[in-house]
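Thanks for agreeing to look at this one with me. My notes follow as numbered points, so you can check each against the coordinates.

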Amino acid sequence: MCSGAPGPRGAPVTAPQVKALPVLSPLRTALSPPQPAGMGAGRVLLVLLVTCAMAPAKDPLLSTCMDAKHHKTKPGPEGMLHDQCAPWKDNACCTANTTSEAHKDQSNLYNFNWNHCGLMPPKCKRHFIQDTCLYECSPNLGPWIDQTDSSWRRERILHVPLCKEDCEEWWEDCKDFVTCKENWHKGWNWATGTNRCPWGSMCRPFSHVFPQPKDLCEKIWSNSYKYTTEHRGSGRCIQMWFDPAQGNPNVVVAKYYAWKKRTSPSRTENVTPEAGDAACALPWPVLVLLPLALAVVPAGPGGCGSHGWGLP
C-alpha cells in the first residue's frame, strides 16, 4: 500500500519505517571467506619455518679445533695466553699452560728439543714458537684438518696455504741455523726420551737442507703447510703473524676455503662467496612440519597472489 492512500476507515495510512540494511558487495563477499580457526596459528607456524630455513647453518669447518694431543674440544676465549700466542686469546683451541710450554726450549708438550744441532738463534726460534702457537691455538684451520692414524692424535693439518711473507721470513731468519733432518715429524732418535739426530746423520745449514723457502715450509712438518705466492691481507692465505688489534685475518681465509671445499671445481673459478650466505638446504624439522603448515593454511580463492599468500 502506498503512503497517503486512504485506509479502510478513510484515514491515511503511513508506511512503516524500515531500517535500510547494508548492501553487501558480491565481490567483497566472494573475497572474504570465513577464516578457519587454525589459519592464524598455521601462518605463524609457516613464518617460523621459513625463518628457520633461512637461518645460516653452522659450518663444521669453521671455528673448530682438531682432535689432537693438547687441543680443547671446542674453541673459546682464554683470559691470558703467553707471549707470542696472545693474538688467539679471544677464541682459542689452546690453554694458557699449553702456550707457556710452547715457549720453552724443550717443553713437555712433545719433549721436542729445538737445539738438537746446537743453540737455535732467537730470531729463528721465534718462527717455530709462532708455528706452534698457530697449530695449537688457531680455530681457523678447519678446511685443512685431515684424519691420521697416529698414536697420539686423530687429526692433523695438511696443505695449509701459508702466506708468502710468513714462509720467506721464516726461511731467511733460520737459513744459517743447522739441522740434521729435512722432516722433523719423524725419524728421530728417541732413545733418551727427547729427539736426537739419527745415527750417522750430520748437522748442516738450513740453507743446504732447505734450499728454498718452499722446501722449509712444505717439508719440515710433512706437508702441513703449503707455500703460496699469496700475500698477507689477501684473504687467500693463512698468517702465522698478525696484530690482534686489527682482528684475526685468518677468519676470512677459513671461510673462503670452506666455501671452496664445498663447491665443485667448475664453480670455484669465477664465483666468489657472498658474505653471510644462508644455507640453501632445508633442515629436517622444516621438511617434517612444512606439509602440516601447508594443510593448515589454505591458499585464498585467488591462489598465490602478488605476495604468494592469496587475498586477505
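1. Of the 312 residues in the protein chain, 38% are buried. Please keep in mind that this is a predicted model. The chain holds 9 helices and 6 strands. Among its contacts with a separation of 6 or more, 64% join residues 24 or more positions apart.

2. The largest nonpolar core is a good place to begin. It has 49 residues, and F128, W170 and W184 touch the most other members. Two or more residues come from each of α4 (122-137), β3 (160-162), α5 (164-174), α6 (206-209), α7 (213-219), β6 (225-227) and α8 (250-262). With 7 residues, α4 gives the most to this core. As general background, nonpolar side chains tend to be buried together in soluble globular proteins.

3. W184 deserves a look of its own. Which residues is W184 in contact with, once its neighbours within four places in sequence are left aside? They are F112, W114, H116, M120, F128, T179, F206, I220 and W221. One of these, F128, is also among the three residues that touch the most other members of the core.

4. Next, α4 itself. Of its 16 residues, 13 are buried, so the helix is mostly covered by the definition of buried as under 20% relative accessible area. From first C-alpha to last, α4 reaches 22 Å, close to the 22 Å expected at 1.5 Å a residue.

5. In α5, the buried residues are D166, C167, W170, W171, D173 and C174. You will spot two aspartates in that list, D166 and D173. What do the buried residues of α5 pack against? Their partners are α4, β3, α6, α7 and β6.

6. For α8, the 13 residues should span 18 Å at 1.5 Å a residue, and the end C-alpha atoms are indeed 18 Å apart. The buried residues of α8 are N250, V253, A254, Y256, Y257, A258 and W259. What covers them includes α4 and β3.

7. If you plan to look at pockets, the second largest one holds about 720 Å³ of space. Of its 30 lining residues, Y110, F112, W152, H185 and W221 are the closest to its centre. The elements that give two or more residues to this lining are α3 (96-102), α4 and β2 (155-157), and α4 gives the most, with 4 residues. By type, the lining divides into 13 nonpolar, 9 polar and 8 charged residues. F112 and W221, both listed here, are also in contact with W184.

8. Finally, two backbone angles to check. Most residues other than glycine have a negative phi. S63, although not a glycine, has a positive phi of about 45°. Its place is in the loop between α2 (39-54) and α3. S63 has 35% relative accessibility and therefore counts as partly exposed.

9. N223 is the other case: its phi is positive, at about 65°, and it is not a glycine either. Where is N223 found? N223 lies in the loop between α7 and β6. Is N223 buried or partly exposed? With a relative accessibility of 33%, N223 counts as partly exposed.

Technical notes:
Residues are numbered from 1 along each chain as its sequence is written. This is a predicted model: local features need pLDDT of at least 70, side-chain atom pairs count only at pLDDT 80 or more; totals for chains, interfaces and linings use all residues. Side-chain values use heavy atoms; hydrogens and water are left out. A nonpolar core is a set of buried Ala, Val, Leu, Ile, Met, Phe, Trp, Tyr and Cys residues joined through side-chain atoms within 4.5 Å. Buried means under 20% relative accessible area, exposed over 50%, partly exposed in between (1.4 Å probe, protein chains only). Contact means heavy atoms within 4.5 Å. The expected span of a helix is 1.5 Å times one less than its number of residues. On a 1 Å grid over the protein atoms alone, a cavity is a set of points where a 1.4 Å probe fits but cannot get out, and a pocket is an open set with protein on both sides within 12 Å along at least five of seven lines; lining residues have an atom within 4 Å of a point. Grid points are joined across faces, edges and corners, and a volume is the space filled by probe spheres set on the points. Ala, Val, Leu, Ile, Met, Phe, Trp, Tyr, Cys and Pro count as nonpolar, Asp, Glu, Lys and Arg as charged, and the others, Gly among them, as polar.
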